[in-house]
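Visitor: Got a minute to walk me through this one? I'd like to go through it piece by piece.

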Amino acid sequence: MMCGAPRVSPLPPLERLSRGSLAPIRGGGWAFRAFGSCRVAAGVSDRRTEPAALLARLVPEGPWVEAEQVHGGSVAVIERAQTGIVPGCDALLTRLPGVALLVRTADCLPILFADPRRDVVGIAHAGWRGLLAGLPGRVVSAFRHAYGSRPDELRVAIGPAIRSCCYEVGADVAARFGRFAQGSGARWRCDLIGAAVAELRTCGIRPERLLDSGACTACEGGRWFSLRRDGPATGRLVSYIMLGRATGVTGDPSTRAPAVAGGPRSPRAERGTRREAGFRRRHVTRRS
Ligand SMILES: [Zn+2]
């Protein structure tokens, strides 16, 4: 079932959302503390964190499953996983413990989801195209249909992304975001986070279960990568979410075993070692 488009929902005051939930973790990277349950580990790398090292700390044996990220509205449910990229989708869900779900961003929104009652996690990459495709609502629908999740029990966190302070768009894009765009003539700013929050609220996510990192990738240049600010050659932040392998496993990767050997690797070298995942998936909400 489709949820409403962003513009039809009243925007809750952002001060009602939980803020400041990203905390630094030992060895680099950031974690959303107490996100859903102690079994859920969720967070993001930063400019100084080598993603491969972060992942090796988090899930020493893998698997790591990534969305291909095509700026669409498709969601893949991961039922059997090997390290690799799931083609054609921008969001992933799983109930498999020990499987890290990843997206890579540099201004787009990383949106993390957890159903602590049913032990299901999800992640989405949403830029303006994904938001217009209704991706946040499609993920909530996928939780409902694949796992019977109740939207009012889901925890959702929005990681570092470009915010209305820095996100200038043309009049054509602004026109598609309605009240989430402000400006005149050729100069408009767009509030992607506001649009995402509005859609999530329309779908039944409770404001007290919606965490906002509050971080702007373009403002905080020393900490995050930003495509707008640094150009296409900039790096990508890796956002991750996973279930611990056993009850009681801490969600804080800083308490895990240290990283396995291996120095920093370039994004190109890292990409070269990835291969397509040997997964079974269902596109729950493919756009027609
Ligand atoms: Zn900013």
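**A chat about the fold**

Guide: Let's start with one residue pair: glutamine 182 stands opposite arginine 189 in β15. Strands here are DSSP runs of E with at least two residues, helices are H or I runs of at least four, and both are numbered from the N terminus.

Visitor: Which strands does that pair belong to, and how do they run?

Guide: β14 and β15 (residues 187–190) pair in the antiparallel sense over four bridges. Two strands count as paired if DSSP finds at least two bridges between them.

Visitor: What's the strand order in that sheet?

Guide: The order is β13-β15-β14, an open sheet of three strands with antiparallel pairing. β13 (168–169) and β14 (181–184) are at the edges with a single partner strand each, so one side of each has no neighbour in the sheet.

Visitor: Hang on, is this a prediction or an experiment, and how do you number things?

Guide: This is a predicted model: local features need pLDDT of at least 70, side-chain atom pairs count only at pLDDT 80 or more, and totals for chains, interfaces and linings use all residues. Residues are numbered from 1 along each chain as its sequence is written.

Visitor: What's the average pLDDT?

Guide: The chain averages 82, and 78% of the residues score at least 70. pLDDT is the predictor's confidence in each residue, from 0 to 100.

Visitor: Where does pLDDT stay under 50?

Guide: One such stretch is residues 1–15, for which the model has 32 contacts beyond four places in sequence. Another is residues 247–281, with 65 contacts beyond four places in sequence. A contact means that two C-beta atoms, placed from the backbone, lie within 7 Å. Where pLDDT is low, the predicted coordinates should not be read in detail.

Visitor: Okay, the overall make-up. How many helices and strands are in the chain?

Guide: The chain has seven helices and 18 strands. Of its 288 residues, 50% are buried, meaning 20 or more other C-beta atoms lie within 10 Å of the residue's own; 12 or fewer is exposed, in between is partly exposed, and C-beta atoms are placed from the backbone. Among contacts between residues at least 6 apart in sequence, 70% join residues at least 24 apart.

Visitor: Which residues have the most contacts inside the largest nonpolar core?

Guide: They are Leu92, Leu101, Ala196 and Met242, in a core of 87 residues. A nonpolar core is a set of buried Ala, Val, Leu, Ile, Met, Phe, Trp, Tyr and Cys residues joined through C-beta atoms within 7 Å. Helix α5 (residues 192–202) gives the most to this core, with seven residues.

Visitor: What does leucine 101 touch?

Guide: Leaving aside neighbours within four places in sequence, the contacts of leucine 101 include Val65, Leu92, Val121, Ile123, Tyr240 and Met242.

Visitor: And β17, how many of its residues are buried?

Guide: Seven of the seven residues in β17 (residues 237–243) are buried. Both faces are covered, with Leu237, Ser239, Ile241 and Leu243 on one side and Val238, Tyr240 and Met242 on the other.

Visitor: Which strands pair with β17?

Guide: Strand β4 (residues 40–44) pairs with β17 in the antiparallel sense over five bridges, with alanine 42 opposite isoleucine 241. Strand β9 (residues 100–105) also runs antiparallel to β17, joined by five bridges, and there arginine 104 has valine 238 as its bridge partner.

Visitor: Now helices. How much of α1 is buried?

Guide: Eight of the eight residues of α1 (residues 51–58) are buried, so α1 is largely enclosed by the rest of the structure. Arg57 is among the buried ones.

Visitor: How far apart are the end C-alpha atoms of α3?

Guide: They are 18 Å apart, which agrees with the 18 Å expected for the 13 residues of α3 (residues 135–147); the expected span is 1.5 Å times one less than the number of residues. The buried residues of α3 pack against β6 (75–80), β8 (91–94), β10 (109–115), β11 (120–126), α2 (128–132) and α5. Just after α3, glycine 148 takes a positive phi of about 70 degrees.

Visitor: Any odd backbone geometry?

Guide: Most residues other than glycine have a negative phi, and most peptide bonds are trans. The bond from glycine 62 to proline 63 is cis, with omega near -5 degrees, and proline 63 is in the loop between α1 and β5 (64–67). Aspartate 107 has a positive phi near 125 degrees and sits in the loop between β9 and β10.

Visitor: Is aspartate 107 buried or exposed?

Guide: Aspartate 107 counts as buried, with 25 C-beta neighbours inside 10 Å. Aspartate 119 also has a positive phi, about 55 degrees, but is partly exposed, with 19 other C-beta atoms within 10 Å.
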